[in-house]
Amino acid sequence: MNRMSQKVAVLGTGKIGEALLSGMIRAGWAPADLLVTARRPERAEELRSRYGVTPVTNPEAAKSADTLILTVKPQDMGTLLDELAPHVPADRLVISGAAGIPTSFFEERLATGTPVVRVMTNTPALVDEAMSVISAGTHATADHLAHTEEIFGAVGKTLRVPESQQDACTALSGSGPAYFFYLVEAMTDAGILLGLPRDKAHDLIVQSAIGAATMLRDSGEHPVKLRENVTSPAGTTINAIRELENHGVRAALIAALEAARDRSRALASGKKD
């Protein structure tokens, strides 16, 4: 069966869910084969008007879609599964986009044998530059993984990892865009301190970030090599790098990523604080 002819339902369609819908339509999915659920009726109608998709209830989605993509917040996932469980046949593919929740959480609440795939994507899905990390549950096959890759490949790149690595991936790429936004914010403030108008500082930094990211992606060079190419002896860059090292920026980044990983693990165990 052509995967694009199967019905796919996005449940709890927020910004990421909408980005996924939009990307799937651009990639060739027919809007008539895409179902959506939303907490507010006006939100569902907005999606119908914008994309031509069909708003349904959560039980209706479970009964009629071949693939269910659950995009609600982690704290709402248990309630959603309670609503879905009586209506989800064991042959439905269930894809979870909730941070920190293992596939076993779904398998224990759904019919025995239900294939579950866990995905950690990120907000650049909004501009088709997402990094989506995919892991198979106990009953998910290679075909289920390929189908998931096809869906999330519509909004960026995908990578398969063992589920044991998902918390680390959440820390690196799931939360990753926020770290870059934080860095740009700090560099913009520095530019203002150095005498530049905010808009000019912003443009300089954003284009530098785009250029650096493109070089990292396309050159095949190690980041150390690329950094060394900019770092002249006794020059401006090495003096800046020295200050970053003196202030423990590298150690702070490692500690921050460990904290994000630990929080992902805590979410999986049901801790709220």
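A total of 19 salt bridges is present in the structure, which is a predicted model. One of them pairs Asp33 with Lys7, with the closest N and O atoms 3.7 Å apart. Because Asp33 lies in the loop between α1 and β2 (34-37) and Lys7 in the segment before β1 (8-11), this pair ties together parts that are 26 residues apart in sequence. Asp33 is buried, since its relative accessible area of 18% falls under the 20% limit. Lys7, by contrast, is partly exposed, with a relative accessible area of 28%.

A further salt bridge joins Glu18 to Arg50, the closest N and O atoms being 2.5 Å apart. It links distant parts of the chain, with Glu18 in helix α1 and Arg50 in helix α2 (residues 41-51), 32 residues apart. The partners differ in their burial class: Glu18 is buried at a relative accessible area of 12%, whereas Arg50 is partly exposed at 47%.

The surroundings of Glu18 were examined in further detail. Helix α1, in which Glu18 lies, spans residues 15-27. With residues up to four places away in sequence left out, Glu18 touches Thr13, Arg43, Leu47, Arg50 and Tyr51. The side chains of Glu18 and Arg43 are also joined by a polar contact of 2.8 Å.

A salt bridge is likewise formed between Arg242 and Glu243, where the closest N and O atoms are 4.0 Å apart. Arg242 is partly exposed, with a relative accessible area of 48%, and Glu243 is partly exposed at 36%. Elsewhere, salt bridges with shared partners connect Glu18, Arg43, Glu46 and Arg50 into one network.

Asn58 is covered by the annotation "binding site" in an unreviewed UniProt entry. In the model, Asn58 is located in helix α3 (residues 58-64). Its relative accessible area of 15% places Asn58 in the buried class. Apart from neighbours within four places in sequence, Asn58 is in contact with Leu11, Thr37, Leu80, Glu83 and Leu84. With one of these residues, Thr37, the side chain of Asn58 makes a polar contact of 2.9 Å.

On the surface, Leu244, Val249 and Leu253 make a nonpolar patch of about 240 Å². Leu244 belongs to helix α11 (residues 236-246). At a relative accessibility of 42%, Leu244 counts as partly exposed.

Technical notes
Residues numbered from 1 in each chain as written. Predicted model: local features only at pLDDT ≥ 70, side-chain atom pairs only at ≥ 80, totals over all residues. Heavy atoms only, no water. Helix = DSSP H or I, 4+ residues; strand = E, 2+ residues; numbered from the N terminus. Polar contact = N/O pair within 3.5 Å; in protein donor to acceptor, adjacent residues only side chain to side chain. Contact = heavy atoms within 4.5 Å. UniProt positions renumbered as here; feature names shortened; annotations may be inferred. Buried < 20%, exposed > 50% of the residue type's maximum accessible area, 1.4 Å probe, protein only. Patch = residues over 30% accessible without salt bridge, like charges linked within 9 Å, V, L, I, M, F, W, Y side chains within 5 Å. Areas by Shrake-Rupley, 256 points an atom, 1.4 Å probe, with all protein chains shown as cover. Salt bridge = Lys/Arg side-chain N within 4 Å of Asp/Glu carboxyl O.
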